[in-house]
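Let's take a friendly walk through this structure, stopping at a handful of side-chain contacts along the way. Keep the 3D view open while you read.

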Amino acid sequence: MYNIKVNGIEYQREDDKKLLPFLRDDLGLTSAKDGCSEGACGTCTVLVDGKKVRACIFTLSKLDGKSVVTVEGISDREKEVYAYAFGDTGAVQCGFCIPGMVISAKSLLDNNLEPTRADVKKAIMGNICRCTGYAKIEDAILLSAKMFRENSPIPEMSSSGKVGEHLGRIDAREKVLGTGKYVDGITVEGMIYAKALRSKYPRAIVKDIRLDKALAHPDCVRILTAEDVPFNKTGHLVPDWDVLIAKGDTTRYIGDAIVLAASTKKETLDKILSLVEVDYEELTPLTNPLEAMKEDAPNLHPQGNILSKQMIARGNVDEAIKNSKYVVTNHYSVPMTDHAFMEPECAIGIPNGDGVLMYTASQSVYDEQREIARMLNISPVLVRCQTKLVGGGFGGKEDMSVQHHAALMAYITKKPVKVKFSRQESLNIHTKRHAMEIDITTACDENGVLTATKAMIISDCGAYASLGGPVLQRACTHLGGPYNFQNLEVDGTCVYTNNVPGGAFRGFGVTQSCFAQEQNINELAEKVGISPWEFRHKNAIRPGDELPNGQIAGEDTAFVECLEAVKDVFESNPYAGIAGAMKNAGLGVGVPDVGRSNLKIVDGKVHILTSAACIGQGIGNVMLAMVCETTGLDPSLIVHELADTAVTPNSGTTTASRQTLFAGEATRKA
Ligand code: FES
Ligand code: FES
């Protein structure tokens with residue numbers, strides 16, 4: 001028998017388990033988050049006898065007789081101060097890390113109300129924040145210390161809420177105090193748990209699947225195979241991604257799902273999956289796109305291994321390079337990168353009439369609705385997707401990961417189903433920034449004026465298309481960079497392999513090609529004998545100029561001003577690097593792009609209804625500012641609603657930095 005006090009209440013437990021599931025599942029204290037389950041991220045930080053610990057590491061047997069404090073258990077005064085300070089300093093984005101930060105702050109401020117910034121940095125060293133960059137979190141903790149020290153009252157909100165006016169994050173309080181709901185913090189009556197068995201090999205024929213032993217497990221509710229899926233494909237743009245790999249088919253990467261099992265207890269899911277017997281015929285995987293492009297390479301998809309090609313050609317590149325004084329040629333290998341959002345993927349599917357109700361955390365509820373409806377072969381109106389708080393996305397939550405499996409199991413079993421990734425599953429399964437192989441030649445004249453660039457990009461698509469086509473397109477169209485030269489040739493190919501699929505990620509392909517071009521430019525500057533800053537300033541695009549891809553730079557182009565603003569800092573710091581890039585807002589390249597927003601008056605308040613997902617960027621604040629600016633209403637009269645396909649109109653995906661422009665303009669017009 002273990003005696004543990006949590007937030008002042010005594011509990012007795014006979015079974016041993018980790019402290020984190022005890023707090024979250026047994027006591028419903030969901031401020032402590034599960035970012036990794038293995039002591040690496042700090043999102044589960046709590047106090048034990050006044051010392052901060054990671055709740056995912058300690059077991060109840062180690063805590064017998066001890067006292068635990070979570071954010072739910074701190075004093076009312078502390079709650080008010082931390083909620084105000086984190087909101088006022090803009091320290092909260094997706095919020096997933098914040099309760100852990102608050103506990104680390106408390107462990108510091110309980111002993112030292114006059115901390116230095118260095119003290120604060122040390123106190124939160126074990127807490128990872130993927131969104132904020134830490135500086136504002138440090139500001140929030142220093143402000144909290146000051147308020148405790150001076151016993152300051154909580155200031156009244158006095159902002160007009162208009163564009164450019166200071167207003168704390170409107171979602172800060174629920175995120176700081178842990179009362180806001182992320183999907184994994186939700187439990188539904190009668191809920192079961194599902195998990196997929198993943199392929200043992202990146203490329204193998206599934207010869208046989210035997211379920212008898214797994215089905216005999218007392219907790220097993222159902223095991224689904226490909227035969228149970230009405231339409232066995234998903235895919236953001238190209239429906240090429242198997243929901244489950246069928247017997248006789250060939251796997252394409254280690255994240256492929258073979259069967260989907262449901263259990264009454266999440267603790268027994270792994271045991272049930274271990275009883276599923278799969279016979280594989282292992283095949284040699286294609287892990288290098290150059291190998292996958294060879295004539296005799298096996299086809300990973302029926303149409304072959306080339307997903308897409310892209311060619312950009314302007315001017316006379318070969319002639320311009322031949323006549324240039326300085327020429328630099330290099331090969332760059334840019335690796336795949338994980339988004340590392342702090343909240344691993346989680347979704348709940350709930351039977352709802354003839355369809356399903358989904359609680360999800362993605363970058364577009366309407367994308368989910370479309371893909372789930374297609375998979376279930378039912379009308380989209382039968383699939384209702386409601387977003388909960390999203391613990392970061394960065395492009396990595398655009399594709400199906402857990403949503404379709406939760407929907408499928410709920411639809412078939414007629415029970416509420418939760419599917420949640422462990423951190424390892426998240427790393428293995430969701431899309432990554434595309435790895436690219438880039439051969440690039442960049443040339444300039446004797447004065448350092450750019451003359452031409454010629455490049456070849458091989459993009460590793462991985463096992464499935466996701467957004468491989470558009471990502472390659474942007475990598476090619478933007479390779480030239482924000483410079484004024486008119487000879488550009490880029491030949492791009494996106495190739496299927498047996499690696500983890502590539503997908504959307506901040507920068508969307510441009511990060512990779514920009515890196516290659518900027519590295520070449522640094523070498524050219526050295527050859528010319530001028531500073532990297534001067535080289536860029538000399539070639540910088542100006543309003544009205546033509547970019548290498550033929551686009552005309554708009555009147556608001558300010559690359560020159562940007563460079564001039566950093567000149568002194570750069571030139572006076574021998575270790576500083578410099579690179580140039582331009583950012584768009586919206587899908588671009590002529591793709592239709594629509595924002596939608598409705599305003600509804602409920603009980604004297606304006607409710608903003610738009611499906612624009614907040615993945616931490618603060619869309620609620622942006623929409624509120626639009627309404628305040630346009631109407632002059634006080635911010636206290638405005639409510640921002642979360643996306644729900646049954647209530648909020650489709651405003652497209654939160655991607656391409658587009659929602660401030662599109663959903664924002666729709667809100668302004670509404
Ligand atoms: S450190 Fe405990 S969940 Fe990551
Ligand atoms: S706000 Fe820290 S991880 Fe998102």
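## Before we start

One term first: a residue is called buried when its relative accessible area is under 20%, exposed when that area is over 50%, and partly exposed in between. Arginine 210 has a relative accessibility of 30%, so it counts as partly exposed. Bear in mind, too, that what you're looking at is a predicted model.

## Salt bridges around arginine 210

Let's stay with arginine 210, since this side chain has two partners to show you. One is aspartate 208: the two side chains meet in a salt bridge, at 2.9 Å from N to O. Another is aspartate 279, whose salt bridge with arginine 210 also puts the closest N and O atoms 2.9 Å apart. This second pair ties together distant parts of the chain, with aspartate 279 in strand 12 (residues 277-282), arginine 210 in strand 7 (residues 204-210), and the two positions 69 residues apart. Aspartate 279 has a relative accessibility of 31%, so it is partly exposed.

These contacts belong to something wider. Asp208, Arg210, Lys213, Lys247, Glu277 and Asp279 are linked in a network of salt bridges.

## Another salt bridge to find

How many salt bridges does the count come to? The answer is 39. Here's one to look up: lysine 454 and aspartate 318, with their closest N and O atoms 2.9 Å apart. This pair also links distant parts of the chain: lysine 454 sits in strand 20 (residues 450-462) and aspartate 318 in helix 10 (residues 317-322), 136 residues apart.

Are these two buried or partly exposed? Lysine 454, at 29% relative accessibility, is partly exposed because its value falls between the two cut-offs. Aspartate 318 is partly exposed as well, with a relative accessible area of 44%.

## Rings that meet

Now for the aromatic side chains. A search of the whole structure turns up 10 aromatic pairs. Take phenylalanine 96 and tyrosine 182: their ring centres are 5.2 Å apart and their planes stand at 85 degrees, so this is an edge-to-face pair. The pair brings together distant parts of the chain, 86 residues apart: phenylalanine 96 comes from the loop between helix 2 (76-88) and helix 3 (98-109), and tyrosine 182 from the loop between helix 6 (172-176) and strand 6 (192-198). Phenylalanine 96 is buried, at 4% relative accessibility, and tyrosine 182 is buried too, with a relative accessible area of 4%.

Next up are tyrosine 332 and phenylalanine 515, an edge-to-face pair with 5.7 Å from centre to centre and 75 degrees between the planes. Here again distant parts of the chain are linked: tyrosine 332 lies in strand 14 (residues 326-334) and phenylalanine 515 in helix 15 (residues 510-528), 183 residues apart. Tyrosine 332 is buried, with a relative accessible area of 10%, whereas phenylalanine 515 is partly exposed at 41%. While you're looking at rings, find Tyr82, Phe86 and Phe148 as well, which form one aromatic cluster.

## Arginines over rings

Which residue lies over the face of phenylalanine 394? It's arginine 130, at 3.8 Å from the ring centre. You can find a similar arrangement at phenylalanine 505, where arginine 433 lies over the face of the ring, 3.9 Å from its centre.

## A hairpin

Strand 22 (residues 598-602) and strand 23 (residues 605-609) run antiparallel and are joined by 5 bridges. Valine 602 stands opposite lysine 605 in strand 23. Together the two strands form a hairpin with 2 residues between them, and aspartate 603 in the turn has a positive phi of about 50 degrees.

## A nonpolar patch and a long reach

On the surface, Leu290, Met293 and Ile306 make a nonpolar patch of about 230 Å². Isoleucine 306 belongs to strand 13 (residues 306-314) and is partly exposed, with a relative accessible area of 35%.

Last stop: arginine 54, in strand 4 (residues 51-54). At 24% relative accessibility, arginine 54 is partly exposed. How far apart are the C-alpha atoms of arginine 54 and tyrosine 464? They're separated by 37 Å, with the two residues 410 residues apart along the chain.

How values were computed. Residues are numbered from 1 along each chain as its sequence is written. Chains are lettered from A and ligands numbered from 1 in the order in which they are written. This is a predicted model: local features need pLDDT of at least 70, side-chain atom pairs count only at pLDDT 80 or more; totals for chains, interfaces and linings use all residues. Side-chain values use heavy atoms; hydrogens and water are left out. Patches are made of residues with over 30% relative accessible area and no salt bridge: like charges are joined within 9 Å, nonpolar side chains (Val, Leu, Ile, Met, Phe, Trp, Tyr) within 5 Å. Accessible areas come from the Shrake-Rupley method with a 1.4 Å probe; for residues, only the protein chains shown count as cover. A salt bridge is a side-chain nitrogen of Lys or Arg within 4 Å of a carboxyl oxygen of Asp or Glu. Helices (H or I, at least four residues) and strands (E, at least two) are DSSP runs, numbered from the N terminus. Buried means under 20% relative accessible area, exposed over 50%, partly exposed in between (1.4 Å probe, protein chains only). Rings of Phe, Tyr and Trp (its six-membered ring) pair if their centres lie within 6.5 Å; planes under 30 degrees apart count as stacked, over 60 as edge-to-face and the rest as tilted. A charge sits over a ring if NZ of Lys or CZ of Arg is within 6 Å of the ring centre and within 35 degrees of the ring normal. Two strands pair if DSSP finds at least two bridges between them.
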